[in-house]
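Thank you all for coming. Today I would like to walk you through one protein model, going slowly from a few residue pairs to the whole chain.

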Amino acid sequence: MAPRSLINLENVSLNYGKGAVLDEVSLGLAEGARIGVVGRNGGGKSSLIRILSGQETPNSGRVSVSGGTHLGTLAQIDQADPNKTVREIVMGDQADHEWASNARARDVLNGLFGGFSEEILSRKMGPLSGGERRRVALARLLIIDLDVLLLDEPTNHLDVEAVSWLATHLKSRRGLALIVVTHDRWFLDEVSEKTWEVIDGKVEEYEGGYSAFVLAKAERMRQSSVEEQKRNMLIKKELAWLRRGAPARTSKPKFRIDAANELIENEPPPRNNVELLAFANARLGKTVYELHNATIRIGERDLFKHLDWNIGPGDRIGIAGVNGAGKTTLLKTLTSQLKVSAGKLVTGTTVKAAFLDQHLEELNPKWRVLEAIENIATHVEIGKGKSLSASQLGERLGFGSDAQWTPVGDLSGGERRRLQLTRLLMGGPNVLILDEPTNDFDVETLAALEDLLDSFAGTLLVVSHDRYFLERVCDTFVGVMGDGGLQGLPGGLEQYLELRARQSADPTAFTPVGSSTGANNPQLTAAQKRELQKDQQRIERSISKLDTQIKSLLSDMETYSSDFEKVAKLNDELQPLIQEKETLEERWMEISDSLE
């Protein structure tokens, strides 16, 4: 018996005045279908979700929803009332005995919040971080019975552990139809059985998850003799990676992989580690960073104690850990933005580091993109006697010839992040430190970035919640487990998740960053207290300014609610401000805990 059809689109078109976002798209969603949606930023993925959910009406065509279909949608922007509690948002008007007797509700609360104590459920939404608010929005949808679940970037702000739990939970929901828009390719592979690519106003359908999509797209390109050399090479590199990856990556496609062999028969590995290591040694010498018996402290909280760690030339290290465990602090210590409280940091004399953090640098909004890149350098050496011009590097990271003349002030959040990374690379670093580099990037840009990093002949340190990206660009992994040290992970991120599952004192998503007991904090001196109080006041002023900017953007979004292109652009401006506010709030809480 064929599965029941739930939603159908017939010749649907959507146009915001600058060309068709969707052009006569026809597709259907059946009961139990699991579909991942990929495509370039601004290409129409979120618009497709809004049309499917009935939140937006197409210019032409027909959208039909089967009678009695219960549908839930997770939007990119959280609209929860800041004065409501977690309980009110997640449980609605359910009495405690009702949801507490529901096994699924208990599982969701345990998986997303680490429990369902009164302390967790009574918290107001306003002070919560972006990651906490994301978990609340997910919990509200996951505890109820739905026929269709539409998720727009559900893994945003979630750490590797939470993403793994979410994938496992969704796979257990039999009969639920799922459509997920995400740049997280590991997550796509885990939960999707089909892939929709939104491209040039059309929706192309592929069998299988992301790995299958890459293989099938390569085969379509081969059969149609596509001559787009740049895109073809990126696909081939991705194929080479998938072929050498875990067997699970290639077990999902429902077609024969042999059809793609012609494309990758003579393709080298994504990177030649021996060659890169030799070149890195030539550039860096034998020492990059060494921590000897180091203590790293925030306020009076020791994040790391008696830490010994040696980072060598050519190392490509992925760093895993829950939100707030100290990953960013560790990176800032290595780059001397923060000092060790005890012990010693040794930095190689030839080290030239570039640090991509989670905040966007301020640039002259009147600069053109190419001008902003050339302001750093006009050419950069990439090894083996090769170099790239500023224009060539910009093109590699998604700034085509036309886009290079766009004023910086007109760029979206994702485009500004790409520009920030491009400027860092133009500086010719031999150590690259990336803190959540995949934020706001679409799948194609991520593939281009990975391709570029394959040829980076230096030391690479990466913090990211994007599991696929970590596994793709890093060779070794360490875990920040919250016990004051670093845990080597020869088994990769799977080992990290196993160790986290075995930890008895598991910090939950709702544990304030920097929280600690008074027994661990020696008494502060009067001078230390004054300095911390000054920092706290400065942070409060910064948060107040950000609140004003955020409220103004939210007001503009409400004013232009019918202009979806304008709303999308305002949202691109909003997200970096929200992220900056979250970071400042976390620092404020760290100081507050130290002063108590």
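Let me begin with a single residue, glutamate 10, which is partly exposed, having a relative accessible area of 37%. Please keep in mind throughout that what you see here is a predicted model. Which residue does the side chain of glutamate 10 meet in a salt bridge? The partner is arginine 62, with 3.7 Å from N to O, and this arginine is exposed, at a relative accessible area of 52%. If you trace the two along the chain, you will find glutamate 10 in strand β1, residues 5–15, and arginine 62 in strand β4, residues 60–65, so that the salt bridge links distant parts of the chain, 52 residues apart.

A second pair is made by lysine 194 and glutamate 205, whose closest N and O atoms are 3.3 Å apart in a salt bridge. Because lysine 194 belongs to strand β8 (residues 194–199) and glutamate 205 to strand β9 (residues 202–207), this pair ties together parts of the chain that are eleven residues apart in sequence. Lysine 194 is partly exposed, with 30% relative accessibility, and glutamate 205 is partly exposed as well, with a relative accessible area of 36%.

The third pair joins helices: arginine 467 in helix α19 (residues 467–473) and glutamate 494 in helix α20 (residues 492–502), which ties together parts 27 residues apart in sequence. Here the closest N and O atoms of the salt bridge are 2.3 Å apart. Is each partner buried or exposed? Arginine 467 is buried, at a relative accessible area of 4%, whereas glutamate 494 is partly exposed, at 41%.

Across the whole structure, a search finds 16 salt bridges, and I should also mention that Arg87, Asp96 and Glu118 are linked by such bridges into a network.

Now I would like to turn to a charged residue without such a partner. Arginine 34, found in strand β3 (residues 34–38), is buried and yet has no salt bridge. How far away is the nearest side chain of opposite charge? That side chain belongs to glutamate 193 and is 6.0 Å away; since a salt bridge requires the nitrogen and oxygen atoms to be within 4 Å, a pair at a greater distance is not counted. What we do find is that a polar atom of the arginine 34 side chain lies 2.8 Å from the backbone oxygen of leucine 170. Leaving out residues up to four places away in sequence, arginine 34 touches several others, including Leu176, Leu178, Val191 and Lys194.

Let us move on to the nonpolar residues. In soluble globular proteins, nonpolar side chains tend to be buried together. In this model the largest nonpolar core has 71 residues, and Trp309 and Leu419 are those with the most contacts inside it. Apart from that core lies another, of 48 residues, among them Val90, Leu141, Leu151 and Val163. If we set aside neighbours within four places in sequence, leucine 419 is in contact with Leu363, Val369, Ala372, Ile373, Phe399, Val408 and Leu411.

Finally, let us step back to the whole protein, which has 22 helices and 20 strands. Of its 596 residues, 50% count as buried, and the protein exposes about 27000 Å², of which carbon and sulfur atoms supply 47%. Among contacts between residues at least 6 apart in sequence, 71% join residues at least 24 apart.

Terms used:
Residues are numbered from 1 along each chain as its sequence is written. This is a predicted model: local features need pLDDT of at least 70, side-chain atom pairs count only at pLDDT 80 or more; totals for chains, interfaces and linings use all residues. Side-chain values use heavy atoms; hydrogens and water are left out. A nonpolar core is a set of buried Ala, Val, Leu, Ile, Met, Phe, Trp, Tyr and Cys residues joined through side-chain atoms within 4.5 Å. Buried means under 20% relative accessible area, exposed over 50%, partly exposed in between (1.4 Å probe, protein chains only). Contact means heavy atoms within 4.5 Å. Helices (H or I, at least four residues) and strands (E, at least two) are DSSP runs, numbered from the N terminus. Lys and Arg count as positive and Asp and Glu as negative; His and the chain ends are not counted. A polar contact is a pair of N or O atoms within 3.5 Å; within protein, one must be able to donate a hydrogen and the other to accept it, and residues adjacent in sequence count only if both atoms are side-chain atoms. Accessible areas come from the Shrake-Rupley method with a 1.4 Å probe; for residues, only the protein chains shown count as cover.
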